[in-house]
Structure formats: C-alpha cells, structure tokens
Amino acid sequence: MLLHLSTWQEVEDYLQTSTGIILPIGSTEQHGPTGLIGTDAISAEAIARGVGEATGAIVAPTINVGMALHHTAFPGTISLRPSTLILVVRDYVTSLVKAGFTKFYFINGHGGNIATLKAAFSETYVYLEDLQIPHVHKVQCQVANWFMCSSVYKLAKELYGDQEGSHATPSEVAVTQYVYPEAIKQAPLTPEVAKGHRIYGATDFRLHYPDGRMGSNPALATPEHGKQFYDLAVKELSNGYLEFLSAE
C-alpha cells in the first residue's frame with residue numbers, strides 16, 4: 001500500500017489495524033562513471049515497496065535527497081545539510097504521528113544518512129514531547145540499511161570480493177540495473193581505483209576519488225545480481241520490520 005496512491009479514508013482504515021509505516025530514504029549523488037545519480041533513492045524505494053508488499057505495510061513517499069555534502073564537487077549531486085535533513089525527518093514523522101502512526105521504519109540506501117537520521121530521531125522525540133501529543137511515548141523510529149543486511153553483505157563478498165568497495169559498489173549498481181534495465185550505463189573504468197582515504201570536504205573527496213568510486217568495480221554488476229540482492233534485502237528487512245512492529 002503506497003501512501004501517495006491512497007485516499008485519506010484508506011489510511012484511516014489502515015490505522016485501525018496497524019500504526020507502522022515504512023519510509024524509504026536515499027540520496028541524489030554521484031555514483032562513479034556507470035552508477036546512476038539516483039542509485040541510493042532508487043534502491044531504497046524498490047526494496048521498501050517490496051517489504052511493504054510482503055508485510056502489508058503502508059509505504060511513504062521516498063525522501064530522495066539526503067546528506068551528501070562530500071559528493072557536491074561532482075555535477076548532479078544534490079544535498080541537504082544535516083540540520084536541514086533533521087528538520088525534514090522531524091516534520092515527516094510529526095505529521096504522521098498526528099494522524100496516529102507510532103512505528104517508523106526507515107529503509108535507508110545511503111551510508112551518509114545514518115548519523116543524521118539517528119540525530120533526527122533524538123530531536124524528534126524531544127519535539128513530540130514538547131507538543132504533548134497523548135501517545136508520544138509509543139513513537140519509535142528505526143533505521144534499516146539494506147546494504148548492511150547480513151545476507152546482502154555475504155553475497156556481495158561472494159560475488160565481488162574486495163572489488164565491492166564502499167561507494168559506487170557493484171551491489172548497489174546491480175540493484176538499479178534490475179529496477180531500471182533500460183538505464184544501464186557503460187563507461188571505461190580504470191583498473192586502479194582509489195580507496196582508504198578519509199572523507200572530509202567535497203573538494204578533498206574529488207581530489208582523492210577522482211572518478212567517484214571508492215575501491216569498487218561496478219563493471220561486475222549485472223541485473224541478475226541485482227535481483228538476488230533485492231530478494232535478500234526484502235526478505236531480511238521484512239522480518240526486521242515485523243519484529244520492530246511487535247516489539248514494545
């Protein structure tokens with residue numbers, strides 16, 4: 001059940017049986033010479049919809065722009081500041097809490113969002129307390145990173161070994177190839193790829209990672225691999241969502 005394709009009456013009916021909701025969140029940022037700029041949002045949205053179908057959960061519209069300031073030296077990247085993203089998450093959750101939702105399961109496709117999301121949850125709990133909403137003590141937020149699922153990590157290591165890398169990875173590129181096979185990109189990739197440098201500002205990032213990759217070889221990605229990653233992530237996160245929903 002997709003929130004944006006539902007009526008308010010359907011949402012009201014849903015809340016009679018569940019107060020859980022899935023929120024996909026990703027990023028709009030460079031992903032190397034062959035990775036789509038929307039990779040993180042595309043993968044999070046597709047997997048979230050799969051989890052929604054498997055669990056009967058309602059799925060909110062995707063937050064497509066995340067915290068990607070260190071990628072902004074590459075054309076096409078759009079980023080929110082951490083402080084802005086915190087307010088976006090707070091306002092999303094607050095609106096839904098007022099409607100009656102209490103369990104917020106963020107399926108995340110971007111590592112750079114993790115710290116900001118955790119900070120946003122803390123800010124949101126305090127903000128809701130200040131609003132004195134009656135059921136505020138029941139509100140819980142959790143972040144689930146699809147790319148950190150144990151089954152996904154295991155398969156990535158089996159398929160790609162050290163060439164998985166940590167950004168513009170073949171696993172995430174493979175998921176986008178599965179979701180959008182008509183948008184598969186080809187480009188020459190040098191066998192040498194930078195890795196191991198700390199992340200600071202955007203200019204420094206591009207200096208150390210000139211083609212945007214971080215130790216990865218996305219040329220190894222295939223749509224068939226993407227289907228495998230998708231299936232594994234949907235299964236693992238569906239179990240995670242149901243556990244979260246039933247926990248006190």
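# Exercises on a predicted protein model

The protein contains eight helices and four strands. The coordinates come from a predicted model, and every exercise below refers to it.

**Exercise 1. State the order in which the elements of the protein run from the N terminus.**

Solution. Reading from the N terminus, the order is α-β-α-β-α-β-α-β-α-α-α-α. This string is made up of eight helices and four strands.

**Exercise 2. Determine whether the radius of gyration of the protein agrees or disagrees with that of a compact globule.**

Solution. Step one is the expected value: for 248 residues, a compact globule would have a radius of gyration near 18 Å. Step two is the value for the model, which is 18 Å, so the two agree. Step three adds the extents: the C-alpha trace spans about 55 × 35 × 30 Å along its principal axes.

**Exercise 3. Describe burial, contacts and surface in the protein.**

Solution. Begin with burial: 49% of the 248 residues are buried. Turn next to the contacts with a separation of 6 or more; residues 24 or more positions apart account for 76% of them. Finally, the exposed area is about 11,900 Å², of which carbon and sulfur atoms supply 55%.

**Exercise 4. Count the positive and negative side chains and state how far apart the centres of the two sets lie.**

Solution. The count gives 16 positive and 24 negative side chains. The centre of the positive set and the centre of the negative set lie 4 Å apart.

**Exercise 5. Explain why Cys141 and Cys149 are too far apart for a bond.**

Solution. A disulfide is a covalent bond between the sulfur atoms of two cysteines. The test therefore requires a pair of cysteine sulfur atoms within 2.5 Å. For Cys141, the closest cysteine sulfur belongs to Cys149 and is 19 Å away, so a bond is ruled out by distance. Starting from Cys149 instead, the closest cysteine sulfur is that of Cys141, again at 19 Å and too far for a bond. The count of disulfides is accordingly zero. As to their surroundings, Cys141 counts as buried because its relative accessibility is 11%, and Cys149 is buried with a relative accessible area of 4%.

**Exercise 6. Locate Thr176, classify it as buried or exposed, and list its contacts beyond four places in sequence.**

Solution. First, Thr176 is placed in helix H6, which covers residues 170-179. Second, the relative accessible area of Thr176 is 3%; the cut-off for burial is under 20%, so Thr176 is buried. Third, with neighbours within four places in sequence set aside, Thr176 is in contact with Leu36, Thr39, Ile42 and Pro181.

Notes:
Residues numbered from 1 in each chain as written. Predicted model: local features only at pLDDT ≥ 70, side-chain atom pairs only at ≥ 80, totals over all residues. Heavy atoms only, no water. Helix = DSSP H or I, 4+ residues; strand = E, 2+ residues; numbered from the N terminus. Rg over C-alpha atoms; globule rule 2.2 N^0.38 Å. Buried < 20%, exposed > 50% of the residue type's maximum accessible area, 1.4 Å probe, protein only. Contact = heavy atoms within 4.5 Å. Areas by Shrake-Rupley, 256 points an atom, 1.4 Å probe, with all protein chains shown as cover. Lys, Arg positive; Asp, Glu negative; His and termini not counted. Charge placed at Lys NZ, Arg CZ, Asp CG, Glu CD.
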